[in-house]
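This report introduces a protein structure to a reader who has not met it before. It considers the interior, the charged side chains and the surface in turn.

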Amino acid sequence: AFGVSPRVGHAVLAAVALAPAYFNDFLYMRAESVFDWLAADYGSKILIVALILILPETRRAVAGAWNGSAVAGAWNFGALRERDWFKMAGWAIAVAALSVAAFVYVKPPLDALAPGMALFDYPDIDNPTVRVFDLTAGLVLTAVAEELGFRALLGRVIERFTANPQIIVIASAALFAAIHWSNGLGSLAVSFLAGAMLMMLYLRGRSLWPPVVAHYLADLVLFL
């Protein structure tokens with residue numbers, strides 16, 4: 001209606017749906033308690049999922065992501081002819097392990113190079129009940145919201161501009177890394193690596209389940 005191409009309109013709607021992931025850090029930095037931070041964290045993730053499912057274009061984009069029908073044939077990134085769930089589980093565990101290793105061994109020296117970039121760090125949760133809830137439901141919510149948005153939705157958005165899987169991996173990883181802008185240089189770098197591996201896992205397995213599992217396992221280890 002306004003001279004905007006369908007693919008640009010799709011990208012704009014995706015940006016609207018994913019905007020909470022970029023702006024929630026402002027709430028994190030203003031949080032005065034763990035509960036304030038958790039409210040901002042859970043609220044932003046729920047809002048992302050709600051927007052993706054409410055907006056017709058984004059909802060259609062992620063339809064079938066769990067069973068692989070959302071993945072275009074042009075994305076063929078060494079995908080299996082038939083899903084081997086044991087191999088997919090192994091890949092998910094490998095991606096989780098590599099992501100954790102990057103956060104443990106790569107992030108600290110990078111943070112030391114630019115200490116002023118770290119504007120926020122996750123607080124410790126002292127309440128055991130809240131901690132168990134966060135390590136289960138909270139991390140599941142995070143994994144589902146971020147994989148739905150930054151793998152399934154972004155994969156479709158970028159695919160409308162190019163079917164090159166390498167570009168899809170790099171572009172989506174960069175946009176995923178950017179949501180960690182307040183956590184410093186190390187978080188930006190290792191989030192890019194993790195995002196790239198998660199997208200490759202999604203494209204190869206043709207299902208959102210493996211990256212969700214890998215994302216959850218990595219966060220679980222890091223927040224334990």
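## A buried aspartate in helix α8

Aspartate 219 is located in helix α8. The model described here is a predicted one. Aspartate 219 is buried but takes part in no salt bridge. The nearest side chain of opposite charge belongs to lysine 45, at a separation of 7.9 Å. Because a salt bridge requires a side-chain nitrogen of Lys or Arg within 4 Å of a carboxyl oxygen of Asp or Glu, the 7.9 Å between aspartate 219 and lysine 45 does not qualify. When neighbours within four places in sequence are set aside, the contacts of aspartate 219 are Leu139 and Thr142.

## Salt bridges

Side chains of opposite charge can pair when their charged atoms come close. The structure as a whole contains seven salt bridges. Three of the pairs, including that of lysine 45, are set out below.

| Pair | Helix | N to O distance |
|---|---|---|
| Lysine 45 and aspartate 41 | α2 | 2.5 Å |
| Arginine 60 and glutamate 57 | α3 | 2.8 Å |
| Glutamate 147 and arginine 151 | α5 | 2.6 Å |

Lysine 45 and aspartate 41 stand four residues apart in α2, so about one helical turn separates them. Lysine 45 is buried, because its relative accessibility is 5%, and aspartate 41 is likewise classed as buried, with a value of 8%. This pair does not stand alone: Asp41, Lys45 and Glu146 are linked in a network of salt bridges.

In α3, arginine 60 and glutamate 57 are three residues apart, about one turn of the helix. Arginine 60 counts as exposed, because its relative accessibility is 54%.

In α5, glutamate 147 and arginine 151 are four residues apart, again about one turn of the helix. Glutamate 147 is counted as buried, since its relative accessibility is 0%. Arginine 151 also has a relative accessibility of 0% and is therefore counted as buried.

## The nonpolar core

The largest nonpolar core has 33 residues, of which Ile52, Phe150, Leu153, Tyr202 and Leu208 touch the most other members. At least two residues of this core come from each of α1 (6-30), α2 (34-54), α3 (56-62), α5 (128-159), α6 (165-178), α7 (185-205) and α8 (209-223). The greatest contribution is that of α5, which gives 11 residues.

Isoleucine 52 illustrates the contacts made by one of these core residues. Apart from residues up to four places away in sequence, isoleucine 52 touches Ala17, Thr58, Arg59, Val62, Leu148, Gly149 and Leu153.

Leu153 is also touched by histidine 10, a residue of helix α1. Histidine 10 is buried, because its relative accessible area is 2%. With residues up to four places away left out, the other contacts of histidine 10 are Glu57, Ala61, Arg156, Val157 and Arg160. Glu57, in this list, is the salt-bridge partner of arginine 60.

## A nonpolar patch on the surface

Which residues form a nonpolar patch on the surface? The patch consists of Val8, Val12, Val16 and Phe161, and together these residues have about 320 Å² of accessible area. Phenylalanine 161 is placed in the loop between α5 and α6. With a relative accessible area of 42%, phenylalanine 161 is classed as partly exposed, because that class lies between buried, under 20%, and exposed, over 50%.

Conventions. Residues are numbered from 1 along each chain as its sequence is written. This is a predicted model: local features need pLDDT of at least 70, side-chain atom pairs count only at pLDDT 80 or more; totals for chains, interfaces and linings use all residues. Side-chain values use heavy atoms; hydrogens and water are left out. A nonpolar core is a set of buried Ala, Val, Leu, Ile, Met, Phe, Trp, Tyr and Cys residues joined through side-chain atoms within 4.5 Å. Buried means under 20% relative accessible area, exposed over 50%, partly exposed in between (1.4 Å probe, protein chains only). Contact means heavy atoms within 4.5 Å. Patches are made of residues with over 30% relative accessible area and no salt bridge: like charges are joined within 9 Å, nonpolar side chains (Val, Leu, Ile, Met, Phe, Trp, Tyr) within 5 Å. Accessible areas come from the Shrake-Rupley method with a 1.4 Å probe; for residues, only the protein chains shown count as cover. Lys and Arg count as positive and Asp and Glu as negative; His and the chain ends are not counted.
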